[in-house]
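Here is a short tour to follow in your viewer, one selection at a time. Could you keep side chains switched on as we go?

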Amino acid sequence: MSQPKLLRFTPPGFDSGESGQQHQVEAAAFRFEITEPGYEDLSGEQIRGMIATAPSARDRFLIALLACTGLRIGEALGLHRGDMHLLASSRAVGCGVEGPHVHVPRRVDNPNRALAKSRHHRFVPVTADLVALYTDYQYERDRGAVAGESEMVFVNLFRSPLGRPMSYPNAKETFDRLARTVGHACRPHMLRHSAATRWLRDGVDRDVVQRLSTTPRRTPPDPSARSAAGGLGNR
């Protein structure tokens, strides 16, 4: 793993002997680049545990939404209720995309300043499990008259000001509390990485994964994209 090497220039303080006979040293024959740290993601079991541990229907839906769709936390907090097309057909509201899906537009006027990073409007198909979690959240939300007035999907239900759009600091605090409860890190962006990892592991083409996560969709998703949004398993 090493080989002799003659030093042409010696570092300060190097002892080369009386006649310089010690200019030869043993140098490493092989050098390896240090691998860059990989993306952090979560296993399906960890995600299901987070959903089961979350104290409210809103938080369970938020976790599942990020894990199912790969949305960034800013994109999720910026969603409006009109972006949730969760019926088998949305033609009644003028949308030709088949199947349940979520639209991810870029808005610059959200009251909580949530902003989608991508400038392109896209949509992402979702699963029946996620639709069920959204229904549970709507029941929870509708118990508060103030919360029902907001057009934003995620609103404050348990702290003042009630009914106001959920902010990023509030979401971060929610995930920090959850991490302490489940005993492992569970940052929102880890769920985005988990979604992409799951799609690639299931054989979804990388171009499809890229379109689902960042770029505009002008045509209905193909079957591989539809299946890519699955994988949450039991609630």
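Start by selecting Lys-117 together with Arg-72, Glu-75 and Arg-106: in this predicted model, Lys-117 touches these three residues, leaving aside anything up to four places away in sequence. Lys-117 itself is found in the loop between β4 (101-104) and β5 (122-125). Is Lys-117 buried or exposed? Its relative accessible area is 62%, so Lys-117 counts as exposed. To get a sense of distance here, add Ile-73 and draw a line between C-alpha atoms: Lys-117 and Ile-73 are 44 residues apart along the chain, and their C-alpha atoms are separated by 10.0 Å.

Keep Arg-72 and Glu-75 on screen and add Arg-122. These residues are linked in a network of salt bridges. As background, side chains of opposite charge can pair when their charged atoms come close. How many salt bridges are there by this rule? The count comes to nine, and the next stops visit some of them.

Next, select Arg-91 and Glu-98. Their side chains meet in a salt bridge, with an N to O distance of 2.9 Å. Try colouring the pair by accessibility: Arg-91 is exposed, with a relative accessible area of 54%, whereas Glu-98 counts as partly exposed at 34%.

Now move to Glu-173 and Arg-159, whose side chains form a salt bridge at 3.2 Å, N to O. Which parts of the chain does this pair link? Glu-173 belongs to helix α5 (residues 168-182), while Arg-159 lies in the loop between α4 (128-142) and α5; the two residues are 14 apart, and the pair links distant parts of the chain. Both partners have intermediate accessibility: Glu-173 is partly exposed at 33%, and Arg-159 is partly exposed at 39%.

Stay with helix α5 for the last stop, and select Lys-172 and Asp-176. Their side chains meet in a salt bridge of 2.9 Å, N to O. Look along the helix to see how they are placed: Lys-172 and Asp-176 are four residues apart in α5, so about one helical turn separates them. For accessibility, Lys-172 is partly exposed, with a relative accessible area of 41%, and Asp-176 is partly exposed too, at 32%.

To finish, you could show Lys-117 once more with its contacts Arg-72 and Glu-75, then bring back Arg-122 to see the salt-bridge network that includes Arg-72 and Glu-75.

Notes:
Residues numbered from 1 in each chain as written. Predicted model: local features only at pLDDT ≥ 70, side-chain atom pairs only at ≥ 80, totals over all residues. Heavy atoms only, no water. Buried < 20%, exposed > 50% of the residue type's maximum accessible area, 1.4 Å probe, protein only. Contact = heavy atoms within 4.5 Å. Salt bridge = Lys/Arg side-chain N within 4 Å of Asp/Glu carboxyl O.
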